[in-house]
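Subject: A structure for you to explore

Hi there,

Here is the structure I promised to send you. Have a look around first, and then read my notes below.

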Amino acid sequence: MRDERARSPENRQFDAIVVGAGVAGLYMLHRLRGLGLSVRVYEAGDNVGGTWYWNRYPGARCDVESIDYSYSFSDDLQQEWDWSERYASQPEILRYVNHVADRFDLRRDIQFETRVTVAIFDEATNRWTVETDTGERVSATFCVMATGCLSSAQVPRFTGHDRFEGNWHHTGNWPHDGVDFTGQRVGVIGTGSSAIQSIPVIARQATHLYVFQRTPNFSVPARNAALDPEHVRNVKASYAERRQKARESRSGFLVPLNQNSETPALEATPETRQQEYEARWARGGFGLLASFSDLYSSKEANDSAAAYVHAKIREIVDDPAVAERLLPHDHPVGTKRLCVDTDYYATYNRDNVTLVDIRTAPIEEITPDGLRTRDAAYELDSIVFATGFDAMTGALARIDIRGRDGVVLKEKWAGGPRTYLGIASAGFPNLFLITGPGSPSVLSNMMTSIEQHVDWTTDCIEYLRERRLATIEATLGSEDEWVDHVNEVAETTLYPTAGSWYMGANVPGKPRIFMPYVGGVGSYRTRCAEIAANGYEGFALLAADCNAIQK
Ligand code: N01
């Protein structure tokens, strides 16, 4: 199949190329087909799923509840699909994404095992030329990057890595047949979401598990459980209303609010604060951070939530010295992605689990039989790199994207990503970024944000075609204003105070810029809709024949 396609005539022309067959790419294909466009999707993996295709590590599951982390565009789809658990596991989500691909007959326009390497805008023809690692070269009027926010895995360069004689894996690129750690001494490097989900599962298999922690992280219990059929019936009976509320919300999913959610934390009594945090800890999930109105904006308020989680860690972890090592002190709770776990802290009570602090005694090298920190050597059969991603810009930077005057996107973004609405970048006509930097994306329910960007992009393309316009392109002025706005809103919060991947802080040399838009899904959506209703305000539209800027 791959060879045949690779031999297909050069310069085949499409209306649109979509890069990536994850949740965003699949829906984009479906919508563009609905406009009658010819579309080719390129996907590096050998099947659909994107994030959920690659991240197969033990314990992987979504931290947004399954009834919300699902497409809303088809009522038939949402009525017929039954999620089994409150938080869906990676295999179940992957089954769902495959079901969607089959149900909407999407595969026939997807070319798998093909990585897009180059995308160049040709000013003479107003078309994108796209090249792949299989040697294909095609062109299209529109190019949509559905490349994912967390798809470029980061493996730190430790001295001696290539001499390691055991097995090593990155959580974001996990073997499809799974990994059996039975009888093994395993090292997990990292304590982010991926590590926090996989550590309890690996600990139950391995002979001994060493967790190499550089920075402790906040985690709250998931309280995952089988979904109650009665609850599911109720949700399905009012799904449209629930989805609409999610679209208008701050985070793109419904977080239980109550009378205190609009109150600053320190205006509540200590007893009320404790009760509120307790109720949300007992319910599980992200709700803790919606307890009071100012947890993201006031350090003092945030400290009260952080102190609550610290107390919980001390309560759960038997060894006081280990508990102290697990307490996050370097960032306000929520300013790095809050982790949602099952038995994470309790796992440190197992005899076969050791927490190693690599902040005070860093890893110095990987050895043939394990690794060595400044203080000790650890013999390991397997190493798991739960070390994260070059987030939001990494997948785009891997493609040689060139716009007007040969400007390279990666070079334009050398000082940090610059977009208008997180969808477009000046100088790159007809290039759409699904959940790009400068949009709510990773701070929201990705499903809600993906659907919004795909719908907006579809409407935009329809608008251009109806008016026979050749190109749409963000103006530099609107881009500058948007970037300023994204930064100003971020500065009103505690987010930029943390050395997070939102800030690019996890990638050596990456500029420290707060990348996602923190203004909230609902208000962002309204702004995008207004811009479209005003004839794509802030964009330059070029007529097909006369090369005149329409507005
Ligand atoms: O990656 P991370 P992740 N030496 O970047 C450490 C989503 N997600 O894959 O904090 C030693 O969060 C690093 O330490 P530090 C979710 O949005 C969702 O876990 O940089 N350590 C950190 O502890 C999430 O936020 C779900 O000091 C090194 C860890 O590795 C995002 O994906 C599940 C190191 C990386 O943590 C990324 O999560 C999983 C080095 N050189 C992921 N380099 C759910 O839906 C890095 N580290 C539940």
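**What I found**

Let me begin with one residue: tyrosine 463 sits in helix H14, which covers residues 446-466. Please keep in mind that this is a predicted model. Is tyrosine 463 buried or exposed? Its relative accessible area is 18%, and because buried means under 20%, tyrosine 463 counts as buried. You can also try picking out isoleucine 313, which is 150 residues away from tyrosine 463 along the chain. The C-alpha atoms of these two residues are separated by 54 Å.

**The ligand**

Next, turn to the ligand, which has 25 residues around it. Which of them come nearest? They are Thr191, Ser194, Gln197, Arg214 and Thr215. Sorted by character, the shell holds ten nonpolar, nine polar and six charged residues. Helix H6 (residues 193-205) supplies the largest share of that shell, with three residues.

Some contacts here are worth zooming in on. For threonine 215, a polar side-chain atom is 2.4 Å from an oxygen atom of the ligand. Serine 194 also uses a polar side-chain atom, and there the distance to a ligand oxygen is 2.6 Å. With arginine 61, it is a polar backbone atom that lies 3.4 Å from an oxygen of the ligand. How much of the ligand does the protein bury? On its own the ligand exposes 910 Å², and 88% of that is buried by the protein.

**The strands**

A little background may help with this part. Strands of a sheet pair through backbone hydrogen bonds, and they can do so in a parallel or an antiparallel way.

One open sheet is built from three strands in the order E13-E14-E15, with antiparallel pairing. At its edges are strand E13 (363-367) and strand E15 (377-379), each of which pairs on one side only. On average, neighbouring strands in this sheet are turned by 20° against each other, direction ignored. Between E13 and strand E14 (residues 370-373) there are four bridges. In one of the pairings, threonine 367 has glycine 370 in E14 as its bridge partner.

Finally, find strand E19, residues 469-474, which is mostly covered: six of its six residues are buried. E19 runs antiparallel to strand E20 (residues 539-543), and five bridges join the two. If you want a pair to look for there, glutamate 473 stands opposite alanine 540 in E20.

Enjoy exploring, and write back with any questions!

Best wishes

Notes
Residues are numbered from 1 along each chain as its sequence is written. This is a predicted model: local features need pLDDT of at least 70, side-chain atom pairs count only at pLDDT 80 or more; totals for chains, interfaces and linings use all residues. Side-chain values use heavy atoms; hydrogens and water are left out. A residue is near a molecule or strand if one of its heavy atoms lies within 4 Å of it. A polar contact is a pair of N or O atoms within 3.5 Å; within protein, one must be able to donate a hydrogen and the other to accept it, and residues adjacent in sequence count only if both atoms are side-chain atoms. Accessible areas come from the Shrake-Rupley method with a 1.4 Å probe; for residues, only the protein chains shown count as cover. Ala, Val, Leu, Ile, Met, Phe, Trp, Tyr, Cys and Pro count as nonpolar, Asp, Glu, Lys and Arg as charged, and the others, Gly among them, as polar. Buried means under 20% relative accessible area, exposed over 50%, partly exposed in between (1.4 Å probe, protein chains only). Two strands pair if DSSP finds at least two bridges between them. Axes are lines fitted to C-alpha atoms, for helices over the stretch in contact, and angles run from 0 to 180 degrees between N-to-C directions.
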